[in-house]
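Student: I have a protein model open and I'm not sure how to read it. Could you walk me through some of the features?

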Amino acid sequence: MNMNWSKAKTIMIVTFIFLNLLLYAVVVKTHEPQMSKLSSKDFAAIERVLEENNIFLSISLPEKAPPMPLVKVKREVFDDKFVLDHFIKSKDYRKYENSGETVFEFDSTTIKIGHFSFFFQEKSDKFLDMTSSDKKRYIEDFLKQHFLKEKDGQIVKIERKSKGVTIEYRQFYNGYFVDDSFIKADISGDEFTVYKKWFDSVIPEKDKKEIVDAIFAVLKLVEIKPEKAVVKIEDVKLGYYFNWPNASKGEAVPVWKIVSNEGIYYINAYTGNLERGE
């Protein structure tokens with residue numbers, strides 16, 4: 001009974017605040033377009049509801065976002081020609097199929113391509129004598145020389161370890177991340193690896209829609225988190241999510257990506273509903 005009343009109370013509070021925001025937005029739009037904002041009183045009320053449900057914010061949430069369009073995306077496709085033209089060329093090689101991937105082996109190198117993924121692995125003693133700076137430079141030069149680097153990619157992580165360096169790139173559109181597109185390159189010991197998934201094109205649609213406040217996305221966790229879990233929110237970012245891993249193209253929707261100690265949640269930034277949790 002207590003749990004049901006708590007959830008009912010949460011729904012009533014959130015509904016009241018949300019309706020107030022909608023009413024305010026309608027009034028504003030009849031005069032001068034601008035973004036509506038939660039009052040400090042409304043924000044505090046929602047924050048109390050979160051804490052009552054063991055959800056705690058350890059960060060400041062992003063500002064109210066402007067309206068955003070859906071984007072049409074098309075995945076980069078990797079095929080035999082790409083591997084032969086940019087890596088193997090005139091070398092002798094072995095080719096075979098394994099678990100849905102095409103595998104190429106030559107010298108001390110293995111390349112695996114799925115329809116939308118590329119994996120490269122090379123083993124060599126030359127990596128053992130490289131300094132951290134040498135490894136970083138080698139990775140960057142390799143990506144350029146083999147047509148793997150992208151103009152819309154940004155470095156989001158450089159990790160230096162005792163015996164290696166990892167560089168991670170992510171794809172961005174108009175300042176927003178595009179999920180499930182990345183380049184991860186690593187040199188550790190005598191092994192160099194590159195893993196890539198990317199979108200060849202990201203094109204916005206004409207119509208733009210209002211984005212729900214980040215706090216409402218976080219509030220969705222009251223409903224979907226494990227009942228007794230204590231959730232600590234570590235990061236909240238706005239970007240695009242394509243929910244069709246086996247499709248070559250389609251529409252990516254704006255999402256709030258919530259990173260917590262309990263996992264990662266993707267909340268639809270138009271509706272406030274869950275797109276995916278992991």
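Student: In the hairpin of β9 and β10, which residue takes a positive phi?

Tutor: That's Gly-189, with a phi near 60°, in a hairpin that has two residues between the strands. Before we go on: this is a predicted model, where local features need pLDDT of at least 70, side-chain atom pairs count only at pLDDT 80 or more, and totals for chains, interfaces and linings use all residues. Residues are numbered from 1 along each chain as its sequence is written, and side-chain values use heavy atoms, with hydrogens and water left out.

Student: How many helices and strands does the protein have?

Tutor: Helices (H or I, at least four residues) and strands (E, at least two) are DSSP runs, numbered from the N terminus. Here you get six helices and 15 strands.

Student: In which sense do β9 and β12 pair?

Tutor: Two strands pair if DSSP finds at least two bridges between them. β9 and β12 (residues 231-241) do so in the parallel sense, over two bridges. Look for Val-178, whose bridge partner in β12 is Tyr-240.

Student: And how many bridges join β9 to β10?

Tutor: Seven, and these strands run antiparallel. Find Asp-186 there, standing opposite Thr-193 in β10. β9 also pairs with β8 (residues 164-173), in the antiparallel sense over nine bridges. Gly-164 has Ser-188 in β9 as its bridge partner. The hairpin of β8 and β9 has two residues between the strands too, and Asn-174 takes a positive phi near 55° there.

Student: Is β9 mostly covered or uncovered?

Tutor: Buried means under 20% relative accessible area, exposed over 50%, and partly exposed in between (1.4 Å probe, protein chains only). β9 spans residues 176-188, and ten of its 13 residues are buried, so defined. Across the protein, buried residues make up 42% of the 278 residues.

Student: Which residues have the most contacts inside the largest nonpolar core?

Tutor: In soluble globular proteins, nonpolar side chains tend to be buried together. A nonpolar core is a set of buried Ala, Val, Leu, Ile, Met, Phe, Trp, Tyr and Cys residues joined through side-chain atoms within 4.5 Å. The largest one here has 44 residues, and Trp-256 and Ile-258 have the most contacts inside it. A second, separate core of 26 residues includes Phe-78, Ile-88, Ile-113 and Val-194.

Student: What does Ile-258 touch, not counting residues up to four places away in sequence?

Tutor: Contact means heavy atoms within 4.5 Å. Among the residues Ile-258 touches are Ala-217, Leu-221, Ile-233, Asp-235 and Tyr-265.
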